[in-house]
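User: Hi, I have a structure open and want to go through it with you. Can we take it topic by topic?
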Amino acid sequence: MARTDVVIAGYAETKVVYQSGRSAYDFAGLALSDLLEKSGIGKDEIDGLSVTLALSEGTNPFFAVYMADALGLTPTWLNAGGIGGCSAAGGVARAMWAIREGACRIAVVLSADAPSTAFRANYGAYRPEFQDPQGVQGPPATFGLLMSRYDHQYGLDPRALGKIAITQREHALRNPNALDKFRKPLTMDDYLASRSIADPLRVLDCVMYCDGANAFLVMSEEEARTRGIEKVAYPTAYSEVTNHNGADPLADITESGFYRIAPKVFAKAGLTPAGIGMFQPYDDFTIAVLMQLEAFGFCGTGEGSAFVRDTDLSFSGTLPLNTGGGQISAGQPGLGSGGLNLAEAVRQLFGEGGDRQVPGVRNALVTGIGVIPYGRNWGCSAAMILEV
Amino acid sequence: MAETEARPVPAANRYVPSQPFWDGAREGRLMLQMCLDTGRFQHPPHPLSVYTGSQNVAWRQVSGLGTIYAVTVVRVPGPGLAGRLPLTVATVELAEGVRLIANIIDSPPERVGIGAAVELAWDPLADGTPYPAFRTLAQGAADAQD
């Protein structure tokens, strides 16, 4: 049986902005202040804090501690989330564990970043010696390699990737928090004509670094009820894996860690792919969305292109996909991006989706992706099922 | 990012001891890390064997023969890419059972595809230090299936 003793009792999200000139701390303040106002929780009642490490504060090993200072919080449980786009859902899971352990009672899971204003990350490790000289300086080349291999093994229809971008763009049009630049319609011709970044990866397959923040309130269900908080979402399943296939140099790079965790989250929640009401996957690139549809069993491996072509992925369709636009069309607030799709899932489950509300939706599958490792797909995969 | 800088020369030994890789490159030999307990190669280098967890690892020369496992062409400017775009990047699967990310140089574009046989080439960094790359083999079939 899925446990329902700890809940997400509130969320806040700033607008995603390009080159805002503001810091991660400043965005965090905006998100927290909004969260407190909406929930009626006092700042001093918060005794747990999870902070996603930020590209804009990448050289600061005490970012989470400074964040507590900046926000005037005194947590008895502090988590620094270092699994990139998995850090938001992973932070919620860790907060749930901490609350069950009694380490804190009311936790805030906060992701704020401003890489389009200040980029201070140094990825280090093997990259300067064994990756940068080849010109593999960011995710596009890695995803170009991944797409080429996927296409070789299964066939990749650019129009399917285009449909993902177009569907999410249509959702972004209805999302006032989305980046202004992305709030205009996109056609298949626009997609197919967009320039190649790393063949066969087009610019419209990619996200763009922006600034922004999101925050979630995590507490026991009893605590929420006592406070009269009526809207809650139950995270009934969570699973993550890091460095999947990392010790096998000849592993199939199209096999992501989601193949390992998908059966776990479905089993924990007692659900099947057919029972999922909406899919809010981490979408740094369109191919990642397509590959996740396969890994979670919405279709068979290699059938992603056909599935996307044949399925209504709009907010009112058969499998609503990234109903806020996702990162591809709302903008990627740096490493705070893992909270973007989570916030949209909670918003929808609270019935606050406005003119993009998924009718009668009762659950969501939310995922995270983190880190681009050497010659594989991505290093961290996380998935959470939320229910109301 | 500006496309003005020459290809920088990275410092050795910052991640794990890597001097043999750089010494080998200067002698025209591609040196990679091998787990001596299993006889398996690993790359990039690790602080221990990823197969056994022991530190019984050493650097050994590899043949430089392999096939292309995945390939892309980078078209966006970046540090050290001055004059190198479009730049072909491949994941090369070596005969020794390990994959490297490397540039494909001096090769007819129609031959550069998944399954193509490649051999080691050298593509210097800014100070002339040789850096491993690959070129397609004249006899290699670009349409070969792996």
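Analyst: Yes, starting with a term: contact means heavy atoms within 4.5 Å. By that rule, the contact between the two chains takes 46 residues from chain B and 32 residues from chain A. This is a predicted model, where local features need pLDDT of at least 70 and side-chain atom pairs count only at pLDDT 80 or more, while totals for chains, interfaces and linings use all residues. Residues are numbered from 1 along each chain as its sequence is written, chains are lettered from A and ligands numbered from 1 in the order in which they are written, and side-chain values use heavy atoms, with hydrogens and water left out.

User: How much area is buried between chain B and chain A?
Analyst: About 3,200 Å², and carbon and sulfur atoms give 59% of that. Buried area here is the accessible area (1.4 Å probe) that two parts lose on being put together, summed over both.

User: How many salt bridges cross that interface?
Analyst: The rule finds one across the interface of chain B and chain A. A salt bridge is a side-chain nitrogen of Lys or Arg within 4 Å of a carboxyl oxygen of Asp or Glu. Here Asp199(A) pairs with Arg75(B), with N to O at 2.7 Å.

User: And which elements of chain B give two or more residues to the side that touches chain A?
Analyst: They are helix H1 (19–26) and the strands S2 (40–42), S4 (65–74), S5 (87–94) and S6 (99–103), in chain B. Helices (H or I, at least four residues) and strands (E, at least two) are DSSP runs, numbered from the N terminus. S4(B) gives the most to that side, with six residues.

User: What does that side of chain B have by class?
Analyst: The side of chain B that touches chain A has 29 nonpolar, nine polar and eight charged residues. Ala, Val, Leu, Ile, Met, Phe, Trp, Tyr, Cys and Pro count as nonpolar, Asp, Glu, Lys and Arg as charged, and the others, Gly among them, as polar.

User: Back to salt bridges. How many are there over all chains?
Analyst: The search of the whole structure finds 23. One of them joins Glu221(A) and Arg225(A), whose closest N and O atoms are 3.8 Å apart.

User: Where do Glu221(A) and Arg225(A) sit relative to each other in helix H8?
Analyst: They are four residues apart in helix H8 of chain A, so about one helical turn separates them. Glu221(A) is partly exposed at 24% relative accessible area, and Arg225(A) is partly exposed at 43%. Buried means under 20% relative accessible area, exposed over 50%, and partly exposed in between (1.4 Å probe, protein chains only).

User: Is Glu223(A) buried or exposed?
Analyst: Glu223(A) counts as buried, at 10% relative accessibility. It is found in helix H8 (residues 221–226) of chain A. Not counting residues up to four places away in sequence, Glu223(A) touches Arg105(A) and Ile106(A).

User: Any salt bridge in chain B? What about Arg99(B) and Glu93(B)?
Analyst: Their side chains meet in a salt bridge, at 2.8 Å from N to O. Arg99(B) is buried, with a relative accessible area of 8%, whereas Glu93(B) is partly exposed at 23%. Elsewhere, salt bridges that share partners join Glu13(A), Glu344(A), Arg347(A) and Arg356(A) into one network.

User: New topic. How many disulfides does the structure hold?
Analyst: Zero over all chains. A disulfide is a pair of cysteine sulfur atoms within 2.5 Å. As for individual cysteines, Cys104(A) is buried at 2% relative accessible area, and Cys35(B) is buried at 0%.

User: Which residues does a cis peptide bond join in chain B?
Analyst: One cis peptide bond joins His43(B) and Pro44(B), with omega about -5°. Pro44(B) lies in the loop between S2 and strand S3 (57–61) of chain B. A cis peptide bond also joins Leu85(B) and Pro86(B), with omega about -10°. Pro86(B) is in the loop between S4 and S5 of chain B.

User: Last one. What is phi of Asn245(A)?
Analyst: It is near 60°, a positive value in a residue other than glycine. Asn245(A) is in the loop between strand S8 (234–242) and helix H9 (258–269) of chain A, and is partly exposed at 26% relative accessible area.
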